[in-house]
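Let's take a walk through a structure made of two chains and see how the pieces fit together. Have the picture open while you read.

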Amino acid sequence: MTLLGSKKGYSKTDINFFEEFSASARKQTQVLAVVVFVGVVIIGITLAILFYDIWRNYDVQKDIDGLNATLASDEYAGLELRSQALQQEITDKNQYYYTLTEMRRLVDETNAASTDIVNLLGDSIPSDAYVTEYDLTGDTLTVSGTTFSYYDAANITYLLNQADVFAGTVAPAVEADNSIRDNENTPENPIDVYYAFSITGNLVSDCVISIGHYASTDTSVIALSGITSQVVGINSQYEFTGITTYEAVGNTYSLTSISINNVPMNANEFAIVQSTDTLSGIASENISISLYYTQVDSAEVAEAEGGAA
Amino acid sequence: MGNLGKRERYILILLGIAIVVLLIYYFGIRNLNGKYDELVATRSQLQAQLDYYEALKTQNDEALSQINQLKNDISDVEGRFLPYISSEAIEQYVLKTFEDAGCPYLVSVNAEDVAQQTVTLPDGTTASDRLIVKRIVVQYSTTDGFNIAEYNRSTSVVDHGVVDDAAWNAYLDEMYWHGSGSIVGYDEFISALETIEAENPDCIKINRIAITTEGGYTLLNAEIDFYSATFNYRVSEADTGAPYVSWAGATSFDTAGGFIGRPFVIDNPASEWFGVMMSDEEAAEGDRAFSTYYSNAIFEQSVQSIGLAATLEIGEAPAPEVPED
């Protein structure tokens, strides 16, 4: 190693050494700077990630606080209770509506005595007869009177039936009245033979077709709606379509069975109804139709709709 | 540090950086990430709850809509019944309708409750509401074309116990056969029934019409049903305007002369029955538990022998003479 001394004493080797030393020191400084820089960058990135995470958590926490505040607000706080109350109200109202419509059906099925028939009877009495009594209800008519002709009970029945008054069996009856002839106080019969007649028959009336939709649950049967009634003429055809599914309270129900006047429909007839989606028949009397459904899973409905699309 | 070589120094620096980064990660980022996961899970849970509530809100809106629809449906059905039964209003309406139609000769009227079957709900329970049917049973009479017709004192000849002789004789002059065309009541009876059956066919139905011929006149019978229900959970506003729902008869009455219990003779001038004396047969009826045996026996014997007026020693109201023709 060369001792330091006069510059003159520096050899070229020494100068090279210094240059190398200086270069090495610069390099070392550069490397150090790079290392420090990289370190600062890494720490900076790490800190940035840290701050980002802090900010991110703060942001999520802010969302949570907002959601908690929203959920605690009056708008949402009592929502489930409100929902339960509304569902109960729907159940109660549905039940009340069913009761009302059922009562309406009872009233609609009650036939009224019509003054039209009374007026028709007044215009249907032959001139050789008079009516002494009649009794009219919504279902039957009984007429009694006196006539000189034993045809008149049939004649009056014919005239009434020209206006389709009677349905089914009607019973005109005639009997000779000899009360005057046999009366000892009337030695000479001042009038001809006459007859007492009576007519009794069931009246033609409209038919009420009522239809109710029910759902079978695990525990009982509930009404999905009120009873719908419609009045049709006797022996008229009635028809209901679109009955295999039913929508109520946002749910879809599928038809499982039918009963008509409390008599269950047999499997073959039910299969026809399901395939045609139509229930029809002839109204010869008041008819009460009960359609029983079960709720269809909403996923199945969506799948079916998707498949159909 | 000065004794350290360059490599060692670099390693130390890198190690320091690594430690710092590790510490930042371990105590900061890792925990924050864990916390973040928890927070996100919490947020998701809360968001799911909010979504559920939003769905519930939609469902509640639909439920409200359905309730409103049900209320409308219920209101429609409720409106097809009488809001309630007021028997006196119904009877007043029926009598007035027959009188207005020209059929005022009432024989009898009464109101009956018609038993109705209860409504059985689909679950087998019985509905709390029930149908109410009030039946008004009336019997009217036609005139016979001879006798003087009267209702509600419309042809009365007695005013506060005093007979109006002129009116009496005028009415008696009308007592002759006017011909069968003068008989009134049947067409008017049917006309009244037509009015009633057209009034509100949903809740007023004629149950029966019947006639019976009597001695020159005809008895006219009708049964009219009025339908209402209990409406325990009524939704709609009750329409009470109809005359068969709310009282449409007189509301002001003279009650000065009304009395309870009939004496032998009504001597209160405020009463429309003023001057009316009990018949001898009516007066002799009864055991008179309040009286002594002998006084009762004397009274009955006196009434049966000399009449009530003489027994009471009061003047009898002069009976109008019946014209000879």
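Which residue in strand 6 of chain B is the bridge partner of B:Ala210? It's B:Asn221. Before we go further, keep in mind that this is a predicted model.

**The shared sheet**

That pair belongs to a longer run of pairing: strand 5 (residues 204-213) of chain B and strand 6 (residues 218-229) of chain B run antiparallel and are joined by 9 bridges. The two strands form a hairpin with 4 residues between them. In the turn sits B:Gly216, with a positive phi of about 85 degrees.

Now zoom out. Strands 5 and 6 of chain B are part of an open sheet of 8 strands, and if you read off the order you get 3(A)-4(A)-2(A)-1(A)-5(B)-6(B)-2(B)-1(B), with antiparallel pairing. So where does one chain hand over to the other? Look at strand 1 of chain A, which is followed in the order by strand 5 of chain B. Those two strands run antiparallel, with 5 bridges joining them. At this seam, A:Thr137 stands opposite B:Arg208 in strand 5 of chain B.

Back to the sheet as a whole. Its edge strands are strand 3 (166-177) of chain A and strand 1 (106-114) of chain B, and each of them pairs on one side only. On average, neighbouring strands of the sheet are turned by 15 degrees against each other, if you ignore direction.

Two helices pack on this sheet, one from each chain. Helix 5 (residues 152-162) of chain A touches strand 1, strand 2 (140-147), strand 3 and strand 4 (194-203) of chain A, and its direction makes about 155 degrees with that of strand 3 of chain A. Helix 4 of chain B touches strand 2 (131-141), strand 5 and strand 6 of chain B, and its direction makes about 170 degrees with that of strand 5 of chain B.

**Helices that meet across the chains**

Two packed helices are described by the angle between their axes and the distance between the axes. Let's try that on helix 4 (residues 115-122) of chain A and helix 4 (residues 186-199) of chain B: their axes come within 10 Å and cross at roughly 150 degrees. Angles over 145 degrees count as roughly antiparallel, and therefore that's the label for helix 4 of chain A and helix 4 of chain B. Helix 4 of chain A passes helix 4 of chain B in a left-handed crossing. Chain A brings A:Thr115, A:Val118 and A:Asn119 to this contact, while B:Ile190, B:Leu193, B:Glu194 and B:Glu197 come from chain B.

The next pair is helix 3 of chain A and helix 1 (residues 6-78) of chain B, which pack at an angle of about 20 degrees with their axes 9 Å apart. That makes these two helices, helix 3 of chain A and helix 1 of chain B, roughly parallel. Here too helix 3 of chain A passes helix 1 of chain B in a left-handed crossing.

What about the whole meeting place of the chains? The contact takes 68 residues from chain A and 63 residues from chain B. On the chain A side, the elements that give two or more residues are helix 1 (12-72), helix 3 (79-108), helix 4, strand 1 (129-137) and strand 6 (221-223).

Here is how the residues split by class:

| Contact | Nonpolar | Polar | Charged |
|---|---|---|---|
| Helix 4 of chain A with helix 4 of chain B | 3 residues | 2 residues | 2 residues |
| Helix 3 of chain A with helix 1 of chain B | 14 residues | 7 residues | 8 residues |
| Side of chain A that touches chain B | 34 residues | 22 residues | 12 residues |

**Domains, and one more hairpin**

Chain B is divided into domain 1 (1-78) and domain 2 (82-144 + 183-229). The C-alpha centres of these two domains of chain B lie 75 Å apart. For chain A, the assignment gives domain 1 (27-59), domain 2 (80-109 + 207-308) and domain 3 (115-203). In chain A, the C-alpha centres of domain 1 and domain 2 lie 73 Å apart.

Finally, strand 9 (residues 245-248) and strand 10 (residues 251-260) of chain A pair in the antiparallel sense over 4 bridges. A:Glu247 has A:Thr252 in strand 10 of chain A as its bridge partner. This hairpin has 2 residues between the strands, and A:Val249 takes a positive phi near 50 degrees.

Notes. Residues numbered from 1 in each chain as written. Chains lettered and ligands numbered in written order. Predicted model: local features only at pLDDT ≥ 70, side-chain atom pairs only at ≥ 80, totals over all residues. Axes fitted to C-alpha atoms, helices over the stretch in contact; angles between N-to-C directions. Parallel < 35°, antiparallel > 145°, perpendicular 65-115°, else oblique. Left-handed = near helix turned anticlockwise from the far one by under 90°. Contact = placed C-beta atoms within 7 Å. Nonpolar A, V, L, I, M, F, W, Y, C, P; charged D, E, K, R; others polar. Pairing = 2+ DSSP bridges. Domains from an automatic or database assignment.
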